[in-house]
Amino acid sequence: MMIGGPLLIALVPGVLVILVTWLFRKMKWNKVVRMAPSILTVITAAVLFYIGYGEVRGFEGAGYLFLSMFLLLFAVVSYIVIKKPVQQFL
């Protein structure tokens, strides 16, 4: 449960970030706007990492560290969605 809890908590904002990034890419908005969700997710992951390592520590801090790592993985996936070229159907 030490890893499963933070993963399940990170699924909701992670999927939301990927969905918003995909919609921004589909609308062909500016690259800076498309990168905003992934940048905000990286900032959130950095803050959670600091809270888990610097402030809380122990087993509860490890939960924050796992949560920040999972959010960082979702931010990387979001960045890959941004960089992938848009394919035209038909």
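A crossing of two helices is left-handed if the near helix is turned anticlockwise from the far one by less than a right angle, and right-handed if clockwise. The legends below use this convention for a predicted model.

**View 1. The whole chain, with 3 helices and 0 strands.** From the N terminus on, the order of elements is α-α-α. Helix H1 covers residues 4-26, while helix H2 spans residues 31-56 and helix H3 residues 58-83. Taken along the principal axes, the box filled by the C-alpha atoms of the chain is roughly 55 × 25 × 15 Å.

**View 2. Packing of helix H2 against helix H3.** The two axes lie 8 Å apart, and the angle is about 165°. Angles over 145 degrees count as roughly antiparallel, and H2 and H3 are therefore roughly antiparallel to each other. H2 and H3 make a left-handed crossing. Sorted by class, the residues in the contact of H2 with H3 are 17 nonpolar, 8 polar and 4 charged.

**View 3. Packing of helix H1 against helix H3.** Here the angle is about 20°, with the axes 9 Å apart. Angles under 35 degrees count as roughly parallel, so H1 is roughly parallel to H3. The crossing of H1 and H3 is right-handed. In the contact of H1 with H3 there are 18 nonpolar residues, 4 polar residues and 1 charged residue.

**View 4. Packing of helix H1 against helix H2.** The axes of H1 and H2 are 8 Å apart and meet the description of a packed pair at an angle of about 165°. H1 is therefore roughly antiparallel to H2. The crossing of H1 and H2 is left-handed, as is the crossing of H2 and H3 shown in View 2.

**View 5. A nonpolar patch on the surface.** The patch has an area of about 650 Å². Its residues are Leu16, Leu19, Trp22, Leu23, Met27, Trp29 and Val33. Helix H1 gives the most to this patch, with 4 residues. Leu19, one of the patch residues, is found in helix H1. Helix H1 is also the helix that packs against H3 in View 3 and against H2 in View 4.

Terms used. Residues are numbered from 1 along each chain as its sequence is written. This is a predicted model: local features need pLDDT of at least 70, side-chain atom pairs count only at pLDDT 80 or more; totals for chains, interfaces and linings use all residues. Side-chain values use heavy atoms; hydrogens and water are left out. Axes are lines fitted to C-alpha atoms, for helices over the stretch in contact, and angles run from 0 to 180 degrees between N-to-C directions. Angles under 35 degrees count as roughly parallel, over 145 as roughly antiparallel, 65 to 115 as roughly perpendicular and the rest as oblique. Ala, Val, Leu, Ile, Met, Phe, Trp, Tyr, Cys and Pro count as nonpolar, Asp, Glu, Lys and Arg as charged, and the others, Gly among them, as polar. Patches are made of residues with over 30% relative accessible area and no salt bridge: like charges are joined within 9 Å, nonpolar side chains (Val, Leu, Ile, Met, Phe, Trp, Tyr) within 5 Å. Accessible areas come from the Shrake-Rupley method with a 1.4 Å probe; for residues, only the protein chains shown count as cover. A salt bridge is a side-chain nitrogen of Lys or Arg within 4 Å of a carboxyl oxygen of Asp or Glu.
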